[in-house]
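This briefing covers the nonpolar cores of one protein model and the strand pairing beside them. The points are grouped by topic.

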Amino acid sequence: MIQLQYVWIRNYESLRTIAPHQHTCYEFIYYLKGSGNGIFGESKYSYSPGNFVLVSPNVIHGETHESQTSMISVGFRLQNHFASPQSCCFKDTDSEIFNLIQMIRHEFKQKGIYYQQSIENLLGRIVIEILKKTSNAVSQKRNNIDYAVSYIREYYMSNIDLTELARSTGYCDDHFRIVFKKRTGLSPKEYILQTRLNAAKKMLADSRISLSDISSKCGYEYYSQFSLFFKKRTSLTPSEYRAKLLST
C-alpha cells in the first residue's frame with residue numbers, strides 16, 4: 001500500500017545548491033529540465049531531462065543545479081509492500097516514467113475527486129518499474145564487476161585507466177571503488193598492484209626468466225621501479241626473493 005505525503009513541482013535557477021538533507025519517507029524526483037549533479041548516501045549522479053532518482057527514507061541527499069532546473073518531487077510511504085526499493089538513479093529511456101509523472105502532475109493540479117488515490121495508484125506503477133530496473137541493474141552491475149576483475153587480470157601490466165574502467169561498469173569513480181572493494185576485499189588500484197606482485201612471484205620461481213623481463217611483464221619500464229615496488233611489499237629485492245625461493 002502506498003500513502004502519498006506530498007507533491008512538489010519546483011523550478012530552480014542555475015548555480016543553486018540544495019544542502020544535504022533527509023526525509024522520513026521515500027522521495028521520488030523526476031528532472032524535467034536542466035542539468036546538474038546530486039548525491040544520495042555514498043552515491044553520486046549527474047542529471048539531465050529524463051533522469052529520475054528514488055531516495056529511500058532517512059538517506060541523506062542533495063544536489064547542485066548547473067543550469068535552470070525544473071523537477072517534480074513526490075514523497076510517499078510504503079506499507080505492507082512485497083518489496084522495498086533502494087535508492088537509485090536511472091535514465092527514463094522509453095519515457096514510460098515520464099508519462100506516469102505527467103498523469104501525476106495533471107491529477108495534482110486538477111485535484112478532482114479521488115485525486116490522491118489516483119496519484120497513489122500511479123506511484124505504485126512507478127515503484128514496480130523501479131523494482132524491475134533495480135533487479136536488472138544489480139544483476140548487470142555484478143557481472144560488470146566480474147568483467148572489471150577479469151580485465152585487470154588480463155591487463156595488469158598496462159597502465160589501466162580506472163576512470164574509464166569504472167564507466168564501463170556503469171559506476172562513477174567513487175562508487176566503483178566501494179563496490180569493487182566490497183566484492184574483492186581490495187580497492188581497484190590495490191588489486192592491480194597485488195596482481196602484479198603475484199605474477200612477479202610466480203615468474204621469479206623460474207630461473208630462466210630474467211629479472212628485467214619480469215620487470216617489464218609486470219608493467220614497469222625500469223627495473224629500479226620494479227625492485228622498489230617488490231621490496232616495499234615483501235621486504236626483499238626480486239633477486240633476494242629468487243635466491244631464497246630457489247634455495248628452499
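**Strand 3 and the nonpolar cores**

Six of the eight residues of strand 3 are buried, so the strand counts as mostly covered. The model is predicted. Strand 3 pairs with strand 8 and with strand 6, and supplies at least two residues of the largest nonpolar core.

Strand pairing
- Strand 3 and strand 8 run antiparallel and are joined by seven bridges.
- Across this pairing, Phe28 stands opposite Val74 of strand 8.
- Four bridges link strand 3 to strand 6, again in the antiparallel sense.
- On that side, Glu27 stands opposite Val55 of strand 6.
- In a regular strand, side chains alternate between the two faces of the sheet.

Largest nonpolar core
- This core holds 25 residues, and those with the most contacts inside it are Phe28, Phe76, Ile101, Ile104, Leu123 and Ile126.
- At least two core residues come from each of strand 1 (2-12), strand 3 (26-33), strand 6 (51-55), strand 8 (69-78), strand 9 (88-91), helix 1 (96-110) and helix 2 (115-155).
- Helix 2 gives the largest share, seven residues.
- Apart from neighbours within four places in sequence, Ile126 is in contact with Phe28, Ile97, Leu100, Ile101 and Ile104.

Second core
- A separate core of 15 residues includes Met203, Ile209, Ile214 and Phe226.
- In soluble globular proteins, nonpolar side chains tend to be buried together.

Technical notes:
Residues are numbered from 1 along each chain as its sequence is written. This is a predicted model: local features need pLDDT of at least 70, side-chain atom pairs count only at pLDDT 80 or more; totals for chains, interfaces and linings use all residues. Side-chain values use heavy atoms; hydrogens and water are left out. A nonpolar core is a set of buried Ala, Val, Leu, Ile, Met, Phe, Trp, Tyr and Cys residues joined through side-chain atoms within 4.5 Å. Buried means under 20% relative accessible area, exposed over 50%, partly exposed in between (1.4 Å probe, protein chains only). Contact means heavy atoms within 4.5 Å. Two strands pair if DSSP finds at least two bridges between them.
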